[in-house]
Amino acid sequence: MTGTRSLHNLALIGFMGTGKSCVGRVAADVLHFTFLDTDHVIEARAGKSISDIFAQDGEPAFRQWERRVVEELTRRKRTVIATGGGLPADETNLASLKTHALVICLWASPETIWERVQGHNHRPLLNEADPPGKIRELLAAREPFYRQADVLVNTGMRSVREVAQHVVHQFHMAQTAHR
Ligand code: S3P
């Protein structure tokens, strides 16, 4: 990370099942920041679940919602933002997050992700005949975006609390470096 950056917020990006929401809640608590989950904002605005948005309006409509919410985030301060897994797979969204937040990517292997998400049916992109295959395919396509994060954190063998502590530490270090 180079140059002067405004680090008002902390944004967590990463694939489904990497723990963005759980880690984000703990990190927000420790930092005394507000916690915001982009999927929840979209569901509240749309008045329906993510699954219903995908089923009734289609994925492009959902991505449009994401872009709108990302624009609004530029006005936030002292917020830990957990993003939907596909949100940073869009250069404009990623660039926008970087104007106001330290962007940390939570990483896990496709096998770990599958272990964590199986049995949950609220993720329309994984309602497929071969969810592990879909995870590998999507993760490979998105990896170049996730790797553009300021910090990459492997969540594989760590508890939510450990990852959150690491994330908070990285945030403090980045703030000191950019003061
Ligand atoms: C998506 C991830 C989901 C949600 C939607 C699409 C994706 O969020 O935004 O189902 O494209 O990876 P989580 O990463 O919080 O599961």
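Here are a few notes on two helix pairs and one strand in this predicted model.

1. Start with α1 and α8. Helix α1 covers residues 20–31 and helix α8 covers residues 160–177. Their axes sit 9 Å apart, and the packing angle is about 55°. That angle makes α1 oblique to α8. As for handedness, the α1/α8 crossing is right-handed.

2. Who touches whom here? On the α1 side, the contact residues are Cys22, Val23, Val26, Ala27, Val30 and Leu31. On the α8 side, they are Val160, Arg161, Val163, Ala164, Val167, Val168, Phe171 and His172. By class, the α1/α8 contact splits into twelve nonpolar residues, one polar and one charged. If you go by the class cut-offs, Arg161 is the sort of residue that counts as charged, while His172 falls under polar.

3. Next, α6 and α7. Helix α6 spans residues 110–117 and helix α7 spans residues 131–146. Their axes come within 10 Å and cross at roughly 130°. These two helices are therefore oblique to each other too, since angles over 115 and up to 145 degrees fall in that class. The crossing of α6 and α7 is right-handed.

4. The α6/α7 contact is worth listing in full. Helix α6 brings Pro110, Ile113, Trp114 and Val117, and these meet Pro131, Pro132, Ile135, Arg136 and Leu139 from α7. In terms of class, that gives eight nonpolar residues, no polar ones and one charged.

5. On to the strands. Strand β4 (residues 101–107) pairs with β5 in the parallel sense, over four bridges. Within that pairing, tryptophan 107 stands opposite asparagine 154 of β5. Strand β5 itself runs over residues 151–154 and has two faces: Val151 and Val153 lie on the covered one, whereas Leu152 and Asn154 lie on the uncovered one.

6. Leucine 152 deserves a closer look. Is this residue of strand β5 buried or exposed? Neither label quite applies: its relative accessibility is 38%, so leucine 152 counts as partly exposed, and its place on the uncovered face of β5 is given above.

7. What does leucine 152 touch, leaving aside residues up to four places away in sequence? The list is Cys105, Tyr146 and Arg147. For a distance to keep in mind while you have the structure open, the C-alpha atoms of leucine 152 and proline 110 are separated by 16 Å; along the chain, these two residues are 42 residues apart. Proline 110 is one of the α6 residues in the contact with α7.

Technical notes. Residues are numbered from 1 along each chain as its sequence is written. This is a predicted model: local features need pLDDT of at least 70, side-chain atom pairs count only at pLDDT 80 or more; totals for chains, interfaces and linings use all residues. Side-chain values use heavy atoms; hydrogens and water are left out. Axes are lines fitted to C-alpha atoms, for helices over the stretch in contact, and angles run from 0 to 180 degrees between N-to-C directions. Angles under 35 degrees count as roughly parallel, over 145 as roughly antiparallel, 65 to 115 as roughly perpendicular and the rest as oblique. A crossing is left-handed if the near helix is turned anticlockwise from the far one by less than a right angle, and right-handed if clockwise. Contact means heavy atoms within 4.5 Å. Buried means under 20% relative accessible area, exposed over 50%, partly exposed in between (1.4 Å probe, protein chains only). Two strands pair if DSSP finds at least two bridges between them.
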